[in-house]
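Student: Could we go through this structure together? I would like to begin with the overall fold and then turn to details.

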2 protein chains.
Amino acid sequence: MSIIGIGQLPVREHWERSLQVMGAEAVVRALEDAHLERPEALYVGNMLSGQISGQENLGALIADHAGLRGIEALKIEAACASGAAALRIGYGAVAGGLHDVVVACGVEKMTDALVEETTTALVSAADAIYEGEHGLSFVALNALLMQRYMYEYGYPREAFAGFSVNAHRNAVHNPNAMFRRAISAETFARAKMVAAPVSLLDSSAIADGAAAVVLAPTEFAHQHGLCAVRISGSAVATDAVALHDREEPLVLTAARRSAERAYAQSGCGPDDIDLFELHDAFTIMAALSLEACGFAERGQGVRLAMEDAIVPGGRIPISTMGGLKARGHPVGATGLYQVVEATLQLRGEAGECQLPGCRVAMTQSIGGSGANVVTHILERMDA
Amino acid sequence: MSIIGIGQLPVREHWERSLQVMGAEAVVRALEDAHLERPEALYVGNMLSGQISGQENLGALIADHAGLRGIEALKIEAACASGAAALRIGYGAVAGGLHDVVVACGVEKMTDALVEETTTALVSAADAIYEGEHGLSFVALNALLMQRYMYEYGYPREAFAGFSVNAHRNAVHNPNAMFRRAISAETFARAKMVAAPVSLLDSSAIADGAAAVVLAPTEFAHQHGLCAVRISGSAVATDAVALHDREEPLVLTAARRSAERAYAQSGCGPDDIDLFELHDAFTIMAALSLEACGFAERGQGVRLAMEDAIVPGGRIPISTMGGLKARGHPVGATGLYQVVEATLQLRGEAGECQLPGCRVAMTQSIGGSGANVVTHILERMDA
């Protein structure tokens with residue numbers, strides 16, 4: 001199966017666009033890119049439309065606004081991994097022969113509410129009864145993880161600077177990124193605390209955005225002479241939602257399982273991956289993902305940032321278009337931004353962000369503080 | 001593909017159970033019924049968990065509570081058709097060879113909020129900007145449809161009594177139904193108005209509930225000697241979300257399209273259906289569904305109720321275990337209650353609700369006032 005079209009909106013505050021208009025624009029752009037007019041189904045990844053915009057039934061709504069009234073259209077939710085989950089469901093629909101051409105779209109509008117309201121809504125990614133009710137915000141959960149990591153392995157918080165510096169430097173060249181300004185390690189060190197030790201520059205920002213991809217069987221792409229990127233691995237794995245229920249909070253077991261399944265399907269391993277678009281919602285998540293997916297030993301993920309192994313040209317480039325940190329993190333859309341960006345890299349269309357010789361890319365989205373993880377492996381196909 | 005296990009909780013106010021506990025109970029019961037312990041994936045249909053319970057990431061949460069930590073688990077939303085949509089996604093996952101055994105579960109908890117809050121949350125099934133913002137509740141939308149139907153075709157509101165009388169009479173024998181008390185046409189005529197002409201006895205009630213089914217390839221069922229009900233048709237179709245955007249508000253185009261696709265897949269037509277579990281959230285929806293699915297001409301759906309064609313033993317029995325009206329309508333769970341009940345009928349295990357000689361059943365769930373419609377056709381398999 002292949003990705004034959006991609007579309008995205010710039011990540012920012014989209015005051016002038018409703019959820020359905022944003023979603024529809026991304027869908028239409030992806031269809032235009034695929035030179036197709038009417039897919040047979042649309043799967044929409046979204047987390048917060050009910051809580052923030054009082055709008056569910058988002059599949060039907062976006063299908064209609066994209067001019068696709070009548071087609072199958074459903075919404076998929078897996079917290080901050082909702083966009084990647086929509087791709088996973090689209091993958092299943094095409095693999096199962098339910099449809100030939102489908103669109104997976106991720107859309108999120110987080111800025112149509114007070115910041116406190118959005119912060120409260122985001123806690124619904126955690127365990128509402130055992131975490132949310134006790135006042136833990138999503139930043140606080142990540143602060144607990146980061147503090148424990150620093151304590152257990154003996155790092156200062158400045159050790160995480162490289163993740164943020166790399167993301168911001170790469171975003172400068174991505175016209176769809178929210179923060180297109182490079183930062184230095186000194187700026188990182190001086191950044192305001194949000195929930196110690198998580199600072200503003202460890203955290204991705206609340207934002208609006210939408211991204212979409214068109215999927216079809218690879219033969220379909222060949223028959224129609226379309227530029228195709230093959231999906232060679234697609235997997236989802238879960239863990240306990242509440243941090244205190246995990247066997248080992250500093251090991252992202254679901255990320256490990258999800259990556260292992262995707263590796264097994266594609267026949268790849270960590271050494272074959274040229275690009276890893278990971279879920280750097282917080283710098284600690286980047287470190288833990290790198291460990292879970294086999295790029296570093298336990299407690300060594302942050303060293304990849306310290307040693308510049310994650311920058312373009314390094315051993316395992318990440319966040320090459322800015323990542324969640326600097327491109328922005330409209331939660332339910334993020335998984336598809338990652339896939340759109342990886343597709344651009346594999347097609348050789350990433351402009352000044354382009355990695356030379358990029359042939360195999362991995363994307364990974366994390367819903368909650370590690371509870372629901374979706375991994376995809378994408379490969380360039382040569383004629 | 002086949003349904004090899006079913007589980008349900010009684011529909012009522014479940015004060016003592018959280019969302020995750022309810023969902024997990026239904027999943028565990030369905031797995032016990034299938035004599036299996038661990039499926040490979042779980043798809044959870046739910047509409048309101050974010051708005052009412054401040055809880056998303058429901059797939060991972062319910063998987064963990066059901067003892068299935070680690071498996072693929074996602075939430076699917078299509079307003080009041082969310083449960084049926086989860087079955088649809090499970091169907092795709094098994095058809096695509098992604099997994100052999102999966103569970104589709106529907107769960108909803110609507111009573112953990114003030115009635116006004118739940119009423120507001122339900123409007124998110126409609127168009128929030130063009131309907132919700134103008135104060136239209138979901139009952140009001142159905143009242144507009146019912147009024148127009150009565151005006152255009154010349155029926156009094158008493159013509160709808162048969163839908164409610166049949167549903168309540170059938171629910172008497174269903175231990176999982178919310179309202180197990182028969183009513184008369186006179187009671188219907190005297191019922192309190194909610195939004196004229198929709199009365200209390202035209203409307204399904206707010207409730208909590210969870211239901212689940214286990215899916216596997218039919219060969220798997222045969223190999224393991226399991227009692228299997230075959231899914232011979234599965235389809236989703238959409239329409240405009242807002243009533244005023246529809247070409248013809250009194251025609252449920254999405255229901256018609258969805259049924260046509262399911263008929264074509266299964267090789268059945270309306271005449272082959274022994275049982276139709278339809279979406280009688282309001283009596284007007286029952287009438288319009290019967291018309292859309294080919295059981296009555298336009299404007300004649302209500303006549304099937306007037307002529308007792310919808311009762312057990314009639315031409316097209318509906319709501320045989322109480323329907324949404326009397327079993328209760330925990331929105332995101334309803335689609336799977338319908339499928340569980342149809343499976344009981346096809347297995348010959350429906351107790352005093354049993355229809356003799358039931359071989360082919362159709363279930364249909366409607367998300368919004370007709371915007372997103374999921375149809376399944378189920379068939380009894382003889383050894």
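Student: What radius of gyration does chain A have, and what would a compact globule with 383 residues have?

Tutor: In this predicted model, local features need pLDDT of at least 70, side-chain atom pairs count only at pLDDT 80 or more, and totals for chains, interfaces and linings use all residues. Residues are numbered from 1 along each chain as its sequence is written, chains are lettered from A and ligands numbered from 1 in the order in which they are written, and side-chain values use heavy atoms, without hydrogens and water. Chain A has a radius of gyration of 19 Å, which agrees with the value near 21 Å for a compact globule of 383 residues. The radius is taken over C-alpha atoms, and the globule rule is 2.2 Å times the number of residues to the power 0.38.

Student: How much of chain A is buried?

Tutor: Buried residues make up 69% of its 383 residues; buried means under 20% relative accessible area, with a 1.4 Å probe and protein chains only.

Student: How many helices and strands does chain A have?

Tutor: Chain A has 14 helices and 11 strands. Helices (H or I, at least four residues) and strands (E, at least two) are DSSP runs, numbered from the N terminus.

Student: What about helix α4 of chain A: how many of its 14 residues are buried?

Tutor: In α4(A), 13 of the 14 residues are buried, so the helix is largely enclosed by the rest of the structure. This helix covers residues 82-95. Just after α4(A), Gly97(A) takes a positive phi of about 70°.

Student: Changing topic, which strands pair with β2(B)?

Tutor: Strand β2(B) is joined to β3(B), residues 72-77, by five bridges, and the two run parallel. It also pairs with β4(B), residues 102-109, in the parallel sense over five bridges. Two strands pair if DSSP finds at least two bridges between them. Gly45(B) stands opposite Ile76(B) in β3(B), and Ala41(B) has Val102(B) in β4(B) as its bridge partner.

Student: Which way do the β2(B) residues point?

Tutor: Ala41(B), Tyr43(B) and Gly45(B) point one way, while Leu42(B) and Val44(B) point the other way, and all are buried.

Student: Finally, what turn and shift lay chain B on chain A?

Tutor: A turn of 180° and a shift of 0.0 Å along the axis do so, with an RMSD of 0.0 Å. The two copies are thus related as by a two-fold rotation axis. In chain B, the C-alpha nearest that axis belongs to Gly96(B), at 1.6 Å. Superposition is by least squares on the C-alpha atoms of residues with pLDDT of at least 70 in both copies.

Note on methods:
Buried < 20%, exposed > 50% of the residue type's maximum accessible area, 1.4 Å probe, protein only. Expected span 1.5 Å × (residues − 1).
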